[in-house]
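Me: I am new to this structure and should like to understand the terms used to describe it. Please explain the reasoning behind each description.

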4 protein chains.
Amino acid sequence: MFENRTDLALEERESFEGDGGEIGGVALREWRCHGSSIRMTEVSILNEKGAESMGKPMGTYLTMEDPGLSETEDAYCEAAAGELGRQLASLIRKNCASTMAGLSILVAGLGNRQVTPDSLGPRVVDGLSMNRHLRTEPGRRNGTYLYTAEKAGRTVHPVLSGIHPGVMAQTGMETAEIVRGVVRESRPDLVIAVDALAARNVHRLASTIQLTDTGIHPGSGVGNHRRGMTRENLGVPVIAIGVPTVVGAAAIVHGTVNALVRTLTASKEGSRYGEYIRELDSDSQYELIRELLEPEFGAMFVTPQDMDERICKLSAAIAEGIRRAVERLEEER
Amino acid sequence: MFENRTDLALEERESFEGDGGEIGGVALREWRCHGSSIRMTEVSILNEKGAESMGKPMGTYLTMEDPGLSETEDAYCEAAAGELGRQLASLIRKNCASTMAGLSILVAGLGNRQVTPDSLGPRVVDGLSMNRHLRTEPGRRNGTYLYTAEKAGRTVHPVLSGIHPGVMAQTGMETAEIVRGVVRESRPDLVIAVDALAARNVHRLASTIQLTDTGIHPGSGVGNHRRGMTRENLGVPVIAIGVPTVVGAAAIVHGTVNALVRTLTASKEGSRYGEYIRELDSDSQYELIRELLEPEFGAMFVTPQDMDERICKLSAAIAEGIRRAVERLEEER
Amino acid sequence: MFENRTDLALEERESFEGDGGEIGGVALREWRCHGSSIRMTEVSILNEKGAESMGKPMGTYLTMEDPGLSETEDAYCEAAAGELGRQLASLIRKNCASTMAGLSILVAGLGNRQVTPDSLGPRVVDGLSMNRHLRTEPGRRNGTYLYTAEKAGRTVHPVLSGIHPGVMAQTGMETAEIVRGVVRESRPDLVIAVDALAARNVHRLASTIQLTDTGIHPGSGVGNHRRGMTRENLGVPVIAIGVPTVVGAAAIVHGTVNALVRTLTASKEGSRYGEYIRELDSDSQYELIRELLEPEFGAMFVTPQDMDERICKLSAAIAEGIRRAVERLEEER
Amino acid sequence: MFENRTDLALEERESFEGDGGEIGGVALREWRCHGSSIRMTEVSILNEKGAESMGKPMGTYLTMEDPGLSETEDAYCEAAAGELGRQLASLIRKNCASTMAGLSILVAGLGNRQVTPDSLGPRVVDGLSMNRHLRTEPGRRNGTYLYTAEKAGRTVHPVLSGIHPGVMAQTGMETAEIVRGVVRESRPDLVIAVDALAARNVHRLASTIQLTDTGIHPGSGVGNHRRGMTRENLGVPVIAIGVPTVVGAAAIVHGTVNALVRTLTASKEGSRYGEYIRELDSDSQYELIRELLEPEFGAMFVTPQDMDERICKLSAAIAEGIRRAVERLEEER
C-alpha cells in the first residue's frame, strides 16, 4: 500500500509508545552528552521477537539527535564530530575481533550525487583522505603492517579506502554487487556504509545521525538498494552511518490525516462522531485514507529547501567523525 | 498562513471551477496540438479585475501539457521543442515591436544548480550556444547588424547571451538586481527567464511547460525571488518559461485533508456528520487544518525521486525550443 | 628519465619512420572512410618481436583521425559515432566467442571527473542508459535471455552496465582492483574501458580515437593506472577506447629541442656544427636535454584551453558509438 | 608572435635582472613573514615609465610565496590565510576612503568552473557566506548601517555579496560587462576580483598569491577577459587576488630552448659555436625559435596533474583570508 517507512529504529520504536512502551526483545537507553545539546538513544534489538516487532534486524542502533545539528554554528559540528568519533570507535572495537594489528576500512558512500538529499554518502567519501594506496603491505601476511608513511615519520592511521558505487539507474547494477566486488578484491576488515535515510518526522531531517552495526538493509536509504549490505553478504562487519534527509510524501499526508481523525474523535461532539470514527478505525478508515492518498505519493519525497547547505555541513561532520574514530583506534594500539 | 501556492495560472484558474467556471476578466482557450498528445491551454488575464481574482498580473499564460513529457521517449521532446519554438516565437513577435532589425536576447537561468528540482534554469543556459561575443556590432546604431558570422557565411541567428545569476543565499543579492545590472550593461531587446515552478497538483510535475509574457513575479519559482523581473523593472519585455518541479508539502497535505473532509461530508451517514462538518466549514475547519499542518511544511517541498533525469530531458527540450524560436524569427526577417 | 610517453600505437609506429618504416612483427594498414574525412589506421602487433619494438602488447590498435572531430559541427560527430559503432561491433565480434546468446557488457569510465582532460571516461558512462537491472535473467543458465523489456515490446539491446571507478587518489585503491571486483560479481561477457590518453603530438589532441582489444596497460591514460586491465587479469576480453587529451610537458619540450638540434645540424654551417652535434648525439646530447628539462615536467601536462567543450562532444560521440555497436550486434542475432 | 606571458609582476620584474636589476619607476621590497616560511615581495610601479617597462599599470603588486602552500599540511593554510587577511585589510584601508561607516564588498569569482585550473575564482565565492541580503539598509543614506544581524546580537561583518560571472564562451558577454552591471545595481564600496593566473615559471604554480589594487587587466587570468575590471571602468576600487595555475606551453618551450642556446654558447667548444650562436642572437635566433614553436602552443597551457587538489586548498585559504580581512576591518571600526 502506501509507504510510511522510516529507516530510523528510534522512530520505529516510538510507534509502539501508545501500547505501553515495552516491546519484548527491544532494550532502550537514553542519555545526554556532557557539555553539549546532543541527545543519544540506543535501541538494541536483542532477539528474533524484537526484530519481528521492529521490522529491523537484531543489533545496536545508536541515534545522535540535536536540533542544532542543522543550524549554521560551526561549534556544533565539532561536538557532533567528536561524539560520532567516540561512538564509532566503540562500535568498531565491538565488531572487529582485534584492532591491534591495524585495521583496513572501506568507506562506501551510497547514493546519487546528482540528487541533493541523496548526495550525503558521496560527499562524505569526498571529504576523506584515502591512504590505502600509500601503504606497502609486505608484512600483511604475518599480521603486522609496514607502512611507507611510518617510515616517513608521519602519524599512522588505519588504512582507509573509499568508493562511490553510484545508484542502480546509473550503473545498471545493484549497489551491493559493486561493494561486494570491491570488498572481495581489496579485502578490508570493515565496511562503513554512509547513506541518506527516510524518516517519518520532519523534525528529524538533517538533525539526527543513526549509527548501527547491522549494515544496510533492503528498502533503507533514500534510493532503493534492493539487496542489503550486511556481514552475511559482504563477509566483513558493516557499520552504517545514516542521516534522514527526506520524509516520504505519503508519511506526511498519512500523519496529518491520522491527526485529523484523532482530533475529530476527541472533539466535544466525540460521543457522536467517535462512534463513526471507531467503525472506520479497523478497516474502512484505512481504506478511506488509502483512497485519499494518490498512488504517486509512493515515489515522492518531502525535503527542506535548504537541504543543500545542510548536507554540506553534515557530510563534513561525518567525515571528521570517521577521522576521529580512526585516530582513537590508532592511539589505542 | 500555510502556503498553498501555485505558479501555474492554469491551476489558479482551475480552483474557480466549482464556482461555475466563469471569472470576470479572464479568458480561457484550449486546444490540442496536431499530431501529438500535447494539450495547450491559454489563460488570458485581460484586466485588473481578472488579475485580482487570479492573484497574477495581466497577460498571457500559455500551458503545454503532456503526460508523456516526463517519459523517456526522445520523440516527444522533439514535439515539445517544436511546439515550444512555435509558441515562443509568436510571443516574442507580439512583445517586441520589430524583430526585423535582428533581436538580441538575454536568457536568464534562474535557480540553484546544486538543488536538483531548482536546477532547470541553469541547465537550460548550459544547453545553449551563446553568440553575442562573436558579433561585431558596428551597424547597431543605424538599425542593422553586421555579424562576423554573416561574413563567414554561416546561418545568422538572433544574438544570444545568457547568465546564471545564482540564488540569494549564494550571492547575497536579489536575483533581480543581478539580472537588471546585466540588462543595463548588455542592452538586450528581450529577456527570457527560465525558472522551476511550484504546482499544486503532483500530476503536473515535469509534464507541463508554462510560457508567459508577464515576467517573473515575487514568490514565483522554487526559490524565492523577492523582487520580480518584469518589463517595468528591467526596461525590456520579459518572457518567462517555467516548469513545475515541486509541490509545496503544505499543498499536498491540505489537498488530502480537504478530500477527507469532503468524503466524510458526503458519506452515507452524511446527515449526521455533515452537520458537524458544515459547522467547521467556515472558520473552525480552517483552524483545524491549520493546526494539523506543521509550520515547517511551508519550507518543505515534495518532488519525485527521478526529478534529476526529468530535469535533464526538460532542460534539453527547452534549450532546443529556444533555438527553434530563434531560427523561426531569423527566417522571417 | 623524462617522460616522453605516448599511449597511441600510431605515434609509436611513426617514431620508427626514419628507420625505413618496416618493423618486424608489426603490420600497418591505412584507409579513408567513404564519404567522410575520417582517416583510419590499423597497427597490428603480430608477435613478441613487434611487441618489444613497440613497447606495447600484441593486438590490434585502430585509430580514427579527423581534424574535424574537435570542431563544433554536429554533423561530424554523426560520422564519427557511426564509424566507431561499426569498428567497435567488429572488434567485439572478433573477441567474444559467440554474441548469439546476447552479450552483457560492462563499460568502465576511467579517470577523474574533477580534472577536465581526465573526465572523458566518466562522461561517456554518464551518457549511456544502463539496462542490466531492467532484465530478469531466468534463462541465463541455458543460454538464452528473457528480457522484461522484450515482453514490453521494446527493442532489445545487449545488457549494459557501467561504473566510474574513480582514481587512486580518491579511492585509495588501484582502479584495476575495483573493476576486477565488479567484473567478478556482475560477470559481464566483455569490458569496454574508456580512458583519456597522452599523445606526443598536439595535433592529435581531441581529434583521434584509438580502439584496441589489448585492454588498458600500466602507464597508459592521463592518470596512472599502475595495474592494467586486460583479459588476463579481468578474465574477460577488454576493449579500450581512448582519446588523447594531453601531451606531456616533457614531450613538447623534448620535441622542440630535438627540432632545434636537427635545424642546427642541417644548417648551412652544418659541416662545422654537425660535427659537434653528432658528437652530442649519442650520449651527451641526451644528457644535455635531460639537464635542460626540469624534473617537474614529468608531472605536468599540456592541454588546450577549450578542452572542456571538446570533451563534451567527444564523450557524446563515444557514447553514441557504443550504442550503435550494441544495436548492430543485436540486429545480427 | 608566440605568447610568453606572465600575470605576475614579480616575474616581469625578474626578467630585468640580467640588466642590472634597476628599473626606473619600479620599487622593490622583500621580506619574510615572522614565524612562517612565507616570502613577501612588493613590486610598486610608481610612474608611467615603470608601467611601460613592466607592461603593467601603476600600483602595488604584493606577492606571497611559499613552496609549502601547495603541500597538504593544513597548518600552512592557516599561516597563508592569516597573512592574506592582514595584507588584504591593509590594501582595502589604503584604497577605500573611509571604512568607518562599514564597507560593502562584492567578490567576483572569475573563471570557468568546468576547467580545473580556471576554477579558483568560482570556488572562492562558493567558500564565502554572503550576508548582504540579511541586512536592512535604512540608515545607509546618512552614513550608518542598521543591520538586522546586529539586532540579533551577532557579530557584524562588512556586507559581503558575490558573483560567478562565468566566462565569455558560456555567457556571450564580456565578464567585465556583467560585473559592471552588478556593481551599478548593487553599489558595493569595493570589488575583490579572484582569478587564476598564468605564470612563466612552473615552480610558482599554486604556491604564490598575488594581491594588487590595480584590478584585472586585459589578457590577465587563465581565461581571456578582453576588457579589464578597474576603478576606471567599474567606478569603485578593484583589488585583484590571483594565483598562477598554468604556464603557457609556449613559455615552457621558449625557456628550455633559451637554456639550450645558452648552454651551447657557454660550452667548452664555445669559441667555435659561440660565433654561430651570436650571429643568430639578434634576429635569426629569434626567427629560429619562432619557427620551432608550433602556432598551437599559444592556446595550450601546462598544468600539474594534481591541480584539482591544490585549487581546493588554495580556494579555501583565500576565502578564509577574505573573511579575516573583513573581521579586521570590522574590529577597527
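**Contacts, burial and pairing**

Reply: Let us begin with two of the chains: 23 residues of chain C are in contact with 23 residues of chain A. The model is a predicted one.

Me: What makes two residues count as being in contact?

Reply: Contact requires heavy atoms within 4.5 Å. On that rule, 23 residues of chain C and 23 residues of chain A take part. The area buried between chain C and chain A is about 2,000 Å², and carbon and sulfur atoms give 53% of that area. Of the area that chain C buries against chain A, 31% is supplied by His133(C), Met173(C) and Glu185(C), more than by any other three residues.

Me: How do you know that the copies meet through the same surface?

Reply: The interface residues of chain C are compared with those of chain A: 100% of the former are also interface residues in chain A, so the same surface is used by the copies.

Me: Why are chain C and chain A described as related as by a two-fold rotation axis?

Reply: A turn of 180°, with a shift of 0.0 Å along the axis, lays chain C on chain A with an RMSD of 0.0 Å. The two copies are therefore related as by a two-fold rotation axis. In chain C, the C-alpha of Gly181(C) is nearest the axis, at 1.9 Å from it.

Me: Why is the meeting of Arg132(C) and Glu177(A) called a salt bridge?

Reply: The rule asks for a side-chain nitrogen of Lys or Arg within 4 Å of a carboxyl oxygen of Asp or Glu. For Arg132(C) and Glu177(A) the N to O distance is 2.9 Å, and the pair therefore satisfies the cut-off of 4 Å. Across the interface of chain C and chain A, six salt bridges are found by the rule.

Me: Why is Cys96(C) called buried?

Reply: Buried means under 20% relative accessible area. Cys96(C) has a value of 6% and is therefore buried. Cys96(D) also has a relative accessible area of 6%, so the conclusion for Cys96(D) is that it is buried. As for disulfides, a search of the whole structure finds zero over all chains.

Me: What makes Ser161(B) buried, and which residues does Ser161(B) contact?

Reply: Ser161(B) belongs to strand S5 (residues 159–163) of chain B. Its relative accessibility is 1%, which means that Ser161(B) counts as buried under the 20% limit. Leaving aside neighbours within four places in sequence, its contacts include Ile105(B), Met130(B) and Arg132(B), and also Thr171(D), Gly172(D) and Met173(D).

Me: Why is Ser44(C) called buried, whereas Arg200(D) is called partly exposed?

Reply: Ser44(C), in strand S2 (residues 39–45) of chain C, has a relative accessible area of 13% and is therefore buried. Beyond residues up to four places away in sequence, Ser44(C) touches Gly25(C), Val26(C), Ala27(C) and Gly59(C). Arg200(D) lies in the loop between strand S6 (190–199) and strand S7 (208–212) of chain D. Its relative accessibility is 27%, in between the limits of 20% and 50%, so Arg200(D) counts as partly exposed. Arg200(D) and Gly255(D) are 55 residues apart in sequence, with their C-alpha atoms 8.6 Å apart in space.

Me: How do you know that strand S9 of chain D is largely enclosed by the rest of the structure?

Reply: Strand S9 (residues 300–304) of chain D has five residues, and five of the five are buried, so the rest of the structure largely encloses it. Both faces of S9(D) are covered: Met300(D), Val302(D) and Pro304(D) lie on one side, Phe301(D) and Thr303(D) on the other.

Me: What makes S9(D) a paired strand?

Reply: Pairing requires at least two bridges between two strands. Strand S9 (residues 300–304) of chain C is joined to S9(D) by five bridges and runs antiparallel to it, with Phe301(C) having Thr303(D) as its bridge partner. Strand S8 (residues 238–248) of chain D is joined to S9(D) by two bridges, also antiparallel, and therefore meets the requirement of at least two. Val247(D) has Val302(D) as its bridge partner in S9(D).

Notes:
Residues are numbered from 1 along each chain as its sequence is written. Chains are lettered from A and ligands numbered from 1 in the order in which they are written. This is a predicted model: local features need pLDDT of at least 70, side-chain atom pairs count only at pLDDT 80 or more; totals for chains, interfaces and linings use all residues. Side-chain values use heavy atoms; hydrogens and water are left out. A disulfide is a pair of cysteine sulfur atoms within 2.5 Å. Buried means under 20% relative accessible area, exposed over 50%, partly exposed in between (1.4 Å probe, protein chains only). Copies are superposed by least squares on the C-alpha atoms of residues with pLDDT of at least 70 in both. Buried area is the accessible area (1.4 Å probe) that two parts lose on being put together, summed over both. Helices (H or I, at least four residues) and strands (E, at least two) are DSSP runs, numbered from the N terminus.
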